[in-house]
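User: I would like to learn how to read helix packing, charge pairs and surface patches from a model. Could you take me through them one at a time?

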Amino acid sequence: MRVQSSAITPTGIAVPAPPKTFGTVQAALGVAAFSLTFPATAWGLEGFGPWSLVAVRSVLAALVAGGCLLALHVPMPSRRDWPGLAVVAAGVVIGFPLLTTLALRTSTTAHAAVVVGLLPLTTALLSALRMGTRPSRTFWTAALAGAVAVVAFTVQQSGGALTTADLYLFAALVVCAAGYTEGGRLARLMPGWQVIAWALVLCLPVGVPAAALALSYEPVHLTAHSVAGLLWVAAGSQFLGLVVWYRGMAAIGIPKASQLQLAQPLLTLVWSVLMLGEHLTVAAPLTAAAVLVCIAVTQRARG
């Protein structure tokens, strides 16, 4: 009989480790949610300024998260967990949304997908430095091959030109990988949804005045697209997607979960065609096949 492992929280409460198959499914659902982020952000920018969009999405997500914490009477995290939650907040709640939103003012979603193509490898690297994980050589080879395939495809889609937006994208890559790594570590000590929920609540004292200030300076033109985009990046990308993502990372490990994101740029390109009318070349299915092979290898490789 297989015994399910568990992690012990600082309060002495055991958090059962989810089955690895279920963990993979949850991580994949997180990737699917994240793949809509760039197109939804583009929709949101039709009616909101970049600073307003980021601040309001943070506040809305924090209100949802805080409501869940209050309704379930969740106790405050341990004092030693707050620095890690601050890293998650800085990287995932503030840094990545703000930097990518600023980039999407002048960049297409296809070009912005470059950062997502590099994110799995960067997350695995930061995980190895932060947590001492040592994936196998096969794992690294497949991860690097997948990252190269995705980057080559997305750069080709954007014509290979480097713009000012790339500075935002590369900075977003680093801060997001740091947030994912720290969040994955904390998800072994507390339920994954509580990790992102507390990180969102932590940003609320900054988010509310920031939203008020941004809305006073940036004009707002409410449309069906802008409202739908705002609601998705707030509830879907910023909260629900991260809930299942952190649970998945806690179950299967940060390096393996991060490699599932190799499929995210391609999913984003599909949504870009359907939602934004961007053109998708015939290279997409070939890249998709290469990425799926890399994902299969990384999932089988032992770290």
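Analyst: The turns below go through helix crossings, a salt bridge and a surface patch. Please keep in mind that this is a predicted model.

User: How should I read a crossing angle, and at what angle do the axes of α4 and α7 cross?

Analyst: An angle over 145 degrees counts as roughly antiparallel. Here the axes of helix α4 (residues 82–103) and helix α7 (residues 165–186) come within 8 Å and cross at roughly 155 degrees, and α4 and α7 are therefore roughly antiparallel to each other. As for handedness, the crossing of α4 and α7 is left-handed.

User: Which kinds of residue make up the contact of α4 with α7?

Analyst: Sorted by class, the residues of that contact between α4 and α7 comprise 18 nonpolar, six polar and two charged.

User: How are α3 and α4 arranged: roughly parallel or roughly antiparallel?

Analyst: The axes of α3 and α4 come within 9 Å, with a crossing of roughly 150 degrees, so this pair is likewise described as roughly antiparallel. The crossing of α3 and α4 is right-handed, whereas that of α4 and α7 is left-handed.

User: And what is the orientation of α8 and α9 to each other?

Analyst: Helix α8 (residues 192–217) and α9 have axes that come within 7 Å and cross at roughly 140 degrees. Because an angle over 145 degrees is needed for roughly antiparallel, α8 and α9 are classed as oblique to each other, and α8 passes α9 in a right-handed crossing.

User: Let us turn to charges. How many salt bridges does the structure hold, and which residue pairs with E182?

Analyst: In general, side chains of opposite charge can pair when their charged atoms come close. The structure holds one salt bridge, formed by E182 with R185, whose closest N and O atoms are 2.7 Å apart. Both residues belong to helix α7, and because they are three residues apart there, E182 and R185 are separated by about one helical turn.

User: Finally, which residues make the nonpolar surface patch, and which helices each supply at least two of its residues?

Analyst: To read a patch, one asks first who its members are and then which elements they come from. The nonpolar surface patch is made by L60, L63, L215, V220, L222, V227 and L231, with an area of about 580 Å². At least two residues of the patch come from each of α3 (50–71) and α9 (224–252), and L231, one of the patch residues, is found in helix α9.

Terms used: Residues numbered from 1 in each chain as written. Predicted model: local features only at pLDDT ≥ 70, side-chain atom pairs only at ≥ 80, totals over all residues. Heavy atoms only, no water. Axes fitted to C-alpha atoms, helices over the stretch in contact; angles between N-to-C directions. Helix = DSSP H or I, 4+ residues; strand = E, 2+ residues; numbered from the N terminus. Parallel < 35°, antiparallel > 145°, perpendicular 65-115°, else oblique. Left-handed = near helix turned anticlockwise from the far one by under 90°. Nonpolar A, V, L, I, M, F, W, Y, C, P; charged D, E, K, R; others polar. Patch = residues over 30% accessible without salt bridge, like charges linked within 9 Å, V, L, I, M, F, W, Y side chains within 5 Å. Areas by Shrake-Rupley, 256 points an atom, 1.4 Å probe, with all protein chains shown as cover. Salt bridge = Lys/Arg side-chain N within 4 Å of Asp/Glu carboxyl O.
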